[in-house]
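Here is a quick tour of a protein model, written for someone meeting it fresh. Have a look at the picture first, then read on.

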Amino acid sequence: MTERLLDVQGLVTEFKRGSSQIRAVSDVSFHINRREVVGLVGESGCGKSVTSLSLMRLLKDTPGRISGGKVLFEDRDLVTLPEKDMRNIRGNEIAMIFQEPMTSLNPVLKIGKQLEEPLMVHLGLSRSQAKERAADLLRQVGIPRAEEVLHDYPHQLSGGMRQRVMIAMAIACKPKLLIADEPTTALDVTIQAQILELLRKLRADNDMSVLLITHDLGVVAEMCDRVIVMYAGRVVEEGSVQELFENPRHPYTKGLIRSVPKLRQKVHRLESIPGNVPDLSQMPQGCKFAPRCAYATERCLKEEPGLLGVEGTSRKSRCWLANEQTWEERGAVTDGQAG
């Protein structure tokens, strides 16, 4: 039986806006097994990054707070863990690569200083040992002249080099779980491919589990074992990469896949999902995707489904029609055209 490393159960994260609380992450549940790569996908604003920050308990200096659920990491609930113990886990057992390295790296500290500090804090290395280990980490992530780069400031490096430095910092203590939040977003396609290959190699070499947060379905298809699709702060579908791409069981997932350009087909225009992600302070009644869905029924507009099992599989879908063989046979009652 595959051993679970992370088990998220009913996670709820809220942000204070004036006198009210806005729910950015609503009853999110998923798990990550040891040595597994799980993709977390969805449009901007769907709650992917807030979920990752909640897992790391990095909401302290924001208006956000975890108001419900559990985050079990090796059977320890990170939600209730004392801050001192949580600091020992961050960077040591769970590490994170942030979306934009230029805002994550300290611009006034040299690369060596930023790499060496966590090595001394978490691993108890001396300054000289940490410096040697830092240079070795830079070499591991494919940075040439590593000893010289230790003396550089972040602005002296290219975007791809800064991202490699961020990865080196993340793997410094050989974490069991690596959370990568849009690690290739700001990079050109050639550098993107190099970074993905690097992550694949590091995962194999270090037996890490990876939570890969992205909106790029091509990256998911190439890197992941399973996929979790989020919409409006909720998990709307979960399954293996092959199952999800070959036969999506939620109209939103279907719309995401159809919006990806296909090089081998003649396409006159890209398909899109009509409408916009709902304002979190004014969520529609019923299924939150129903106003944009071509297959919505009266029930969808009035009653929100839970995360339902798809018959004959281990998959889940937050759709009343998840077990319908042909959605198109059900008449559309909205103006959406998701499929």
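## Ground rules

Let's sort the residues into classes first: Ala, Val, Leu, Ile, Met, Phe, Trp, Tyr, Cys and Pro count as nonpolar, Asp, Glu, Lys and Arg as charged, and the others, Gly among them, as polar. This is a predicted model, where local features need pLDDT of at least 70 and side-chain atom pairs count only at pLDDT 80 or more, while totals for chains, interfaces and linings use all residues. Residues are numbered from 1 along each chain as its sequence is written, and side-chain values use heavy atoms, with hydrogens and water left out.

## The overall build

The protein has twelve helices and twelve strands (DSSP runs numbered from the N terminus: H or I of at least four residues for helices, E of at least two for strands). Its radius of gyration is 21 Å, close to the 20 Å that the globule rule gives for 339 residues, so the protein is as compact as a globular protein of that length. That radius is taken over C-alpha atoms, and the rule is 2.2 Å times the number of residues to the power 0.38.

## Two sheets

One open sheet has four strands in the order β2-β1-β4-β5, with antiparallel pairing (two strands pair if DSSP finds at least two bridges between them). At its edges stand β2 (20–33) and β5 (76–77), each with a single partner strand, so one side of each has no neighbour in the sheet. Strand β1 (residues 4–17) is joined to β2 by ten bridges, and leucine 6 sits opposite isoleucine 32 in β2. Helix α1 (residues 48–55) lies across β1, β2 and β4 (64–73), at about 110 degrees to β1. For such angles, axes are lines fitted to C-alpha atoms, for helices over the stretch in contact, and the angles run from 0 to 180 degrees between N-to-C directions; contact means heavy atoms within 4.5 Å.

The other open sheet has eight strands, ordered β6-β7-β8-β3-β9-β10-β12-β11, and its pairing is mixed. Here β6 (94–97) and β11 (308–309) are the edge strands with a single partner each, so one side of each is left without a neighbour in the sheet. Strands β3 (residues 37–41) and β8 (residues 209–214) pair in the parallel sense over five bridges, with valine 38 opposite leucine 211 in β8.

## Enclosed spaces

On a 1 Å grid over the protein atoms alone, a cavity is a set of points where a 1.4 Å probe fits but cannot get out, and a pocket is an open set with protein on both sides within 12 Å along at least five of seven lines; lining residues have an atom within 4 Å of a point. Grid points are joined across faces, edges and corners, and a volume is the space filled by probe spheres set on the points.

How many cavities of 30 Å³ or more does the search find? Two turn up in the whole structure. The largest holds about 80 Å³, and its lining has twelve nonpolar, one polar and one charged residues. Among its 14 lining residues, Pro251, Cys287, Cys293, Cys300 and Cys319 lie nearest its centre.

## Open pockets

The largest pocket has about 510 Å³ of space. Arg90, Gly91, Met96, Phe98 and Met169 are the nearest to its centre of 18 lining residues, and α4 gives the most to that lining, with four residues.

The second largest pocket has about 310 Å³. Its lining divides into five nonpolar, five polar and nine charged residues, and β2 supplies the largest share, five residues.
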